[in-house]
Amino acid sequence: MTDTAVLTNPLREGMRIRKTPAPCAMVIFGASGDLTARKLIPALYYLHCERLLPPGFSVIGCAKTPYSNEKFREAMADAVKKFSEKATVDEPSLTSFIQSLYYLTDDFGDVKAYTQLDELLNKLDSERGTNGNRLFYLATPPSSFPVIVSHLGAVGLAQPKEPGKSWTRVVIEKPFGHDLESARELTATVGSVFKEEQVYRIDHYLGKETVQNLLVFRFANGIFEPIWNRRYIDHVEITVAEELGVEGRGRYYEEAGLLRDMVQNHVMSVLSLVAMESPATFDAVEVRDEKAKVMRAIRPIDFDHLDDFVVRGQYADGWVKGQKVPGYCEEANVASNSSTETFAALKLSIDNWRWADVPFYLRSGKRLAKRVSEIVVQFRRVPHMVFGSKTENLVEPNVLAMRIQPNEGIAINFNAKFPAPTMEIRPVKMEFRYAESFGGEPPSAYETLLLDCMLGDQTLFTREDAVELAWQLLSPLLDRWREDGAKGLQYYESGSWGPAASDALLERDKRRWHRL
Ligand SMILES: NC(=O)c1ccc[n+]([C@@H]2O[C@H](COP(=O)([O-])OP(=O)(O)OC[C@H]3O[C@@H](n4cnc5c(N)ncnc54)[C@H](OP(=O)(O)O)[C@@H]3O)[C@@H](O)[C@H]2O)c1
C-alpha cells in the first residue's frame with residue numbers, strides 16, 4: 001500500500017501518521033445509534049477529506065432500524081453536518097464519502113444476518129477492492145457485545161479471510177464489563193473467538209492529542225523526566241469535569257454511575273500514563289506493559305478508613321450557565337431515591353520507588369462548574385526561602401497543568417519578581433496552546449483511533465490486563481456503595497465543584513484542589 005498519503009492537516013505533518021492503511025471494510029454494529037452519528041461517521045468523513053482512508057474503503061452499517069443504502073447515506077450526511085466539530089463541511093467531499101456507505105438491517109441475535117454480512121463483505125472485496133481486510137466496530141449497548149462476537153465466530157468472520165494476507169480486527173466500545181466478574185466473562189467470550197492482537201478496546205480519551213502528548217512531553221524532553229518523581233513532586237491531581245447532567249440518559253446512568261462511566265476507563269488510563277515508567281520504545285507491547293505495571297502498583301482502597309480516601313456525590317438542583325437545572329433524582333428515568341453517584345473523588349497511592357508518598361487525587365463529576373479535563377502536577381515547595389520570611393506565604397509551589405479539554409495545552413506556573421523597588425514575588429504562567437502553536441485544529445480522538453485500528457497499531461487501546469486491574473481496584477468500591485445505599489452519599493449543588501467532602505479530602509493533607 002501507498003506510504004505517501006497527501007497530508008493536508010498541518011498537525012499531521014512530522015507526526016507518526018505517515019501512512020494510509022491497507023484497503024479495508026469497516027462494519028459498524030449499531031449504525032443507527034448515537035455514537036455512529038455523533039463521532040464515528042464525522043471522524044471517517046474527516047479522514048476521507050485528509051485522504052487518509054485507503055482506496056476502496058467501505059463502511060457497512062448494521063442495526064435494527066430498516067434503512068436502505070440511500071436512506072443510511074442521507075442520515076449519515078445529515079449527521080456529519082450536525083455533529084461536525086470543525087468549521088466547514090465540503091459538499092463534494094461529503095457526497096463522495098457517503099458513496100462508500102452501505103447498510104444491512106439486522107437483529108444482532110439472528111445468526112442468518114451474519115451470513116448476509118459475509119456475502120456483502122465478499123462482494124465489496126471484489127467490487128471495491130477491500131482485499132478481505134475487516135474492521136468490526138461494536139457501537140452497541142454492551143449487552144450486545146457477547147452475542148455479536150459469538151456470531152462472528154460462528155460464521156467464520158472472526159478469522160482473517162486469507163491468513164497471512166488479510167486481517168480481521170474488532171473494536172469494542174466502553175464499558176468493557178460492569179464489574180470485575182462481568183469484565184472477566186467478556187474477556188473470555190472475546191478471547192474464545194479473537195486473539196488479543198485482533199482486539200481494540202477503545203477509550204477515546206487516549207486518542208486525544210493532549211493525552212498522547214503527555215508521553216511526548218515526558219519522554220521527548222530532557223528536562224521533565226528527571227524531576228518526575230517523589231523527590232520533586234508533591235502530588236498529582238486529575239480532574240474530568242462535565243457541566244452536563246445525564247441529558248436524557250437516565251436509564252443508562254442508573255445502571256452505570258460515574259465510577260463506571262468515567263473513572264474505571266478514562267481517569268485510570270490517564271493516571272497510568274502520568275505515572276508509568278519509560279517504555280523502551282513507543283510500541284504497543286512496551287507501552288501497555290508499563291501501563292499495566294503501574295496499575296498493579298496502585299494500593300487497594302482502605303475500606304476501614306474509606307472516608308479518608310473516597311468521596312461519593314450526587315448532584316442536587318442548582319444553576320448552570322444561568323439556567324436552573326434539576327437534581328439527579330428529578331431527571332427522567334431516574335429513581336426518586338436513587339443513590340447512584342454522579343461525582344467521585346479518590347485519593348490513591350502508588351507503591352513503587354518513583355511515587356511512594358505522592359498522593360494522586362482524582363475527581364470526576366457531572367453538573368460541575370465547568371467542562372474541563374486537566375492533569376495538575378504540583379511540585380514541592382522550595383526547601384528554603386532566601387527572600388525573607390514575609391515572602392514565604394506569597395510563594396506558590398510550581399504547578400504544571402496539562403489541559404486535555406477544552407483549549408488543549410500545557411501551562412507551567414512559576415514565581416517571578418514583580419517590577420518594584422521592593423522584593424515582591426508573584427506567580428506567573430508560561431503557556432503552550434495547541435491551536436496557537438500548530439495553527440490548526442487537532443484531529444478528533446476518533447479520527448486518530450480509527451486510523452490506528454486500520455493501521456494495526458494497538459498502542460492507544462486498552463489491553464485486557466489493564467481493564468481487569470482497573471476493575472480489581474474499583475469493583476470492591478462499587479460493591480461497598482451498593483451495600484451502603486444512600487449512606488455516605490454527599491449531595492452537591494449543580495454548578496459547584498462537588499461536595500464539600502471533596503475539598504476536605506485534600507484539606508486533611510493540607511492541600512487544596514488547583515483552581516481550574
Ligand atoms: N454516544 C456516545 O457519545 C458514546 C460515547 C462513548 C462510548 N459510547 C458507547 O458506544 C456504544 C453505543 O452507544 P450509543 O450511544 O450509540 O447507543 P445507542 O444510541 O443506544 O445505539 C445503539 C445501537 O445499537 C443498535 N441495536 C441495539 N440492539 C440491537 C439489536 N438487538 N439488533 C440490532 N441493532 C441493535 C441500535 O439499533 P436500533 O436503534 O436501530 O434498534 C442502535 O443502532 C455503547 O457501548 C456506549 O457506551 C457511546
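This is a short talk on one predicted model, covering its sheet, its ligand site and a few backbone details.

Okay, ground rules before the tour. Because the model is predicted, local features need pLDDT of at least 70 and side-chain atom pairs count only at pLDDT 80 or more, while totals for chains, interfaces and linings use all residues. Residues are numbered from 1 along each chain as its sequence is written, and side-chain values use heavy atoms, with hydrogens and water left out.

So, the sheet. Helices (H or I, at least four residues) and strands (E, at least two) are DSSP runs numbered from the N terminus, and two strands pair if DSSP finds at least two bridges between them. With that, six strands make an open, parallel sheet, in the order E3-E2-E1-E4-E5-E6. E3 (101–105) and E6 (199–201) are the edge strands with a single partner each, so one side of each has no neighbour in the sheet. On average, neighbouring strands are turned by 20 degrees against each other, direction ignored; axes here are lines fitted to C-alpha atoms, for helices over the stretch in contact, and angles run from 0 to 180 degrees between N-to-C directions.

Let's zoom in on one pair. E4 (residues 134–138) and E5 (residues 168–172) run parallel over five bridges, and Phe 136 has Val 170 in E5 as its bridge partner. Packed on the sheet is helix H5 (residues 145–154), touching E1 (25–29), E4 and E5, with its direction at about 160 degrees to that of E4. Contact there means heavy atoms within 4.5 Å.

Now the ligand. Which residues come nearest? Of the 23 around the ligand, those are Ser 32, Asp 34, Leu 35, Thr 65 and Lys 174, where near means a heavy atom within 4 Å. Helix H1 (residues 34–49) gives the largest share of that shell, three residues. By type, the shell has 10 nonpolar, six polar and seven charged residues; Ala, Val, Leu, Ile, Met, Phe, Trp, Tyr, Cys and Pro count as nonpolar, Asp, Glu, Lys and Arg as charged, and the others, Gly among them, as polar.

For distances to ligand oxygens: a polar side-chain atom of Ser 32 sits at 2.6 Å, a backbone N or O atom of Thr 140 at 2.9 Å, and a polar backbone atom of Gly 30 at 3.3 Å.

Last stop, the backbone. Lys 174, from that nearest group, is joined to Pro 175 by a cis peptide bond with omega near 0 degrees, and Pro 175 is in the loop between E5 and helix H6 (180–193). Gln 405 to Pro 406 is cis too, omega about -15 degrees. And Asn 131, which isn't glycine, has a positive phi near 60 degrees.

Notes:
Polar contact = N/O pair within 3.5 Å; in protein donor to acceptor, adjacent residues only side chain to side chain.
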